[in-house]
Amino acid sequence: MQVSDQRQPVATPPPVAGLAGDGLEDLTEEWEAVCPRRIAPEQWQRFEGYMKEIFTAMGIPAGSPSTVDTPRRFLRAIFDATSGYEGDEKLVTAFPTECRGGPDCRISQVVEGPIPFFSLCEHHSLPFFGKAYVGYIAHEHILGLSKLTRLVRLYARRFSVQERIGQQLADALERILAPHGVAVHLEAVHLCTQMRGVREIESSSRTSYWRGNYDGDAQLRAEFFGLCSHWG
Ligand SMILES: Nc1nc2c(ncn2[C@@H]2O[C@H](COP(=O)(O)OP(=O)(O)OP(=O)(O)O)[C@@H](O)[C@H]2O)c(=O)[nH]1
Ligand SMILES: [Zn+2]
């Protein structure tokens, strides 16, 4: 499947009403479901055909009551799992705070987590999933707490690697907040290393990113991890 090759917007999709008589009426619901990705109904129909051919070659019984819609279900699931491409970090807005960068800033460490996330490994298109912990030391702005969860989902719900999600989170928080520091810690298991390949099921992958004050302050990093482990 080459879903990633189809990211380029096609011409503006025709209105749903225009489907009548095209033989594509039964795709209306699917087209609406993926409309934000600018997938035209004809293109979607081709995708379903490709998936039917691939699944059949792999051994899925074609046309049984429970598999006849599997190509459609699979495509919808993958598009849903990668809906982060549709998001926009500019929608994450910051509020002013009173802090003006004095030593008291240390007490304004904000840590949110564990934030569960699901992503698809860009090498194998298999899921990796786990928990993210995001912290920052506010300067002149703070974020609504829900926005930290939204940012994690924005970057996780794509084809990615664990390291990139952490870097994107740290970069975004630096851009949006201009804080004194940012800390990001991710723990995840990768199905591509568990159910295939090396078949290692015991280990998990942990990645951390430090910006600003966290970078040179081991005690601050220890406090961050202390706050993370508080939740287990
Ligand atoms: N750094 C990093 N590697 C990842 C991540 N997800 C999967 N991988 C690894 O990406 C690598 C892809 O390497 P390749 O050698 O091209 O793929 P492969 O031949 O399928 O490798 P094996 O999985 O060892 O069979 C593998 O080692 C995966 O374990 C991730 O989030 N970060
Ligand atoms: Zn992989």
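The paragraphs below go through a predicted model of a protein chain, from its overall layout to its cores, helix pairs and single residues.

The protein chain has 232 residues, and 29% of them count as buried. Seven helices and seven strands make up its regular elements. Read from the N terminus, these elements follow the order α-α-α-β-β-β-β-α-β-α-β-α-β-α. Three helices therefore open the chain, and four strands come after them. Among contacts with a separation of 6 or more, 68% join residues that are 24 or more positions apart.

The nonpolar interior comes next. The largest nonpolar core holds 31 residues. Those with the most contacts inside this core are Val 134, Leu 151, Val 152, Tyr 155, Leu 169, Val 182 and Val 184. Two or more residues of the core come from each of β3 (127-137), α4, α5, β6 (181-190) and α7 (218-230). Another core lies apart from this one; it has six residues, among them Ile 39, Trp 44, Met 51 and Leu 75.

Val 134 gives a view into the largest core, since it is one of the residues with the most contacts there. Leaving out residues up to four places away in sequence, Val 134 touches Glu 112, Gly 113, Ile 115, Leu 148, Val 152, Leu 169 and Val 184. Of these partners, Val 152 and Leu 169 also take part in the packing of two helices, α4 and α5.

Two packed helices are described by the angle between their axes and the distance between the axes. Helix α4 (residues 145-156) and helix α5 (residues 162-177) pack at about 135°, and their axes are 9 Å apart. At that angle α4 counts as oblique to α5, because the value falls outside the ranges for roughly parallel, roughly perpendicular and roughly antiparallel. The crossing of α4 past α5 is right-handed. On the α4 side, the residues that meet the other helix are Leu 151, Val 152, Tyr 155 and Ala 156, and on the α5 side they are Ile 165, Gln 168, Leu 169 and Ala 172. This contact is made up of seven nonpolar residues, one polar residue and no charged ones.

A second helix pair is found earlier in the chain. Helix α2 (residues 41-58) packs against α3 at an angle of about 115°, with the axes 8 Å apart. This makes α2 roughly perpendicular to α3, because angles of 65 to 115 degrees are counted that way. Here too the crossing is right-handed. Phe 47, Glu 48, Met 51, Lys 52 and Phe 55 of α2 meet Thr 70, Pro 71, Arg 72, Phe 74 and Leu 75 of α3. The residues of this contact divide into six nonpolar, one polar and three charged. Met 51 and Leu 75, which belong to this contact, are also among the members of the six-residue core.

Single residues add detail to this picture. Val 92 sits in the loop between α3 (70-81) and β1 (94-96). Val 92 counts as buried because it has 20 C-beta neighbours inside 10 Å, and 20 or more is the requirement. Apart from neighbours within four places in sequence, its contacts are Leu 143, Lys 147, Arg 150, Leu 151 and Ile 176. One of them, Leu 151, is also in the α4 side of the α4 and α5 contact. Val 92 and His 190 are 98 residues apart in sequence, and their C-alpha atoms are 28 Å apart.

Val 189 belongs to strand β6. With 16 other C-beta atoms within 10 Å, Val 189 is partly exposed. Not counting residues up to four places away in sequence, Val 189 touches Phe 128, Phe 129, Gly 130, Gln 194 and Ser 204. Between Val 189 and Arg 72 there are 27 Å from C-alpha to C-alpha, at a sequence separation of 117 residues.

The backbone has some points to note as well. A cis peptide bond, with omega near -5°, runs from Gly 113 to Pro 114. Pro 114 is in strand β2 (residues 109-121). Ser 125, in the loop between β2 and β3, has a positive phi near 60° although it is not a glycine. Ser 125 is partly exposed, with 15 C-beta neighbours inside 10 Å. Ala 178 lies in the loop between α5 and β6, and its phi is also positive, near 45°. Ala 178 counts as partly exposed, with 13 other C-beta atoms within 10 Å.

Terms used: Residues are numbered from 1 along each chain as its sequence is written. Chains are lettered from A and ligands numbered from 1 in the order in which they are written. This is a predicted model: local features need pLDDT of at least 70, side-chain atom pairs count only at pLDDT 80 or more; totals for chains, interfaces and linings use all residues. A residue is buried if 20 or more other C-beta atoms lie within 10 Å of its own, exposed if 12 or fewer, and partly exposed in between; C-beta atoms are placed from the backbone. Two residues are in contact if their C-beta atoms, placed from the backbone, lie within 7 Å. Axes are lines fitted to C-alpha atoms, for helices over the stretch in contact, and angles run from 0 to 180 degrees between N-to-C directions. Angles under 35 degrees count as roughly parallel, over 145 as roughly antiparallel, 65 to 115 as roughly perpendicular and the rest as oblique. A crossing is left-handed if the near helix is turned anticlockwise from the far one by less than a right angle, and right-handed if clockwise. Ala, Val, Leu, Ile, Met, Phe, Trp, Tyr, Cys and Pro count as nonpolar, Asp, Glu, Lys and Arg as charged, and the others, Gly among them, as polar. A nonpolar core is a set of buried Ala, Val, Leu, Ile, Met, Phe, Trp, Tyr and Cys residues joined through C-beta atoms within 7 Å.
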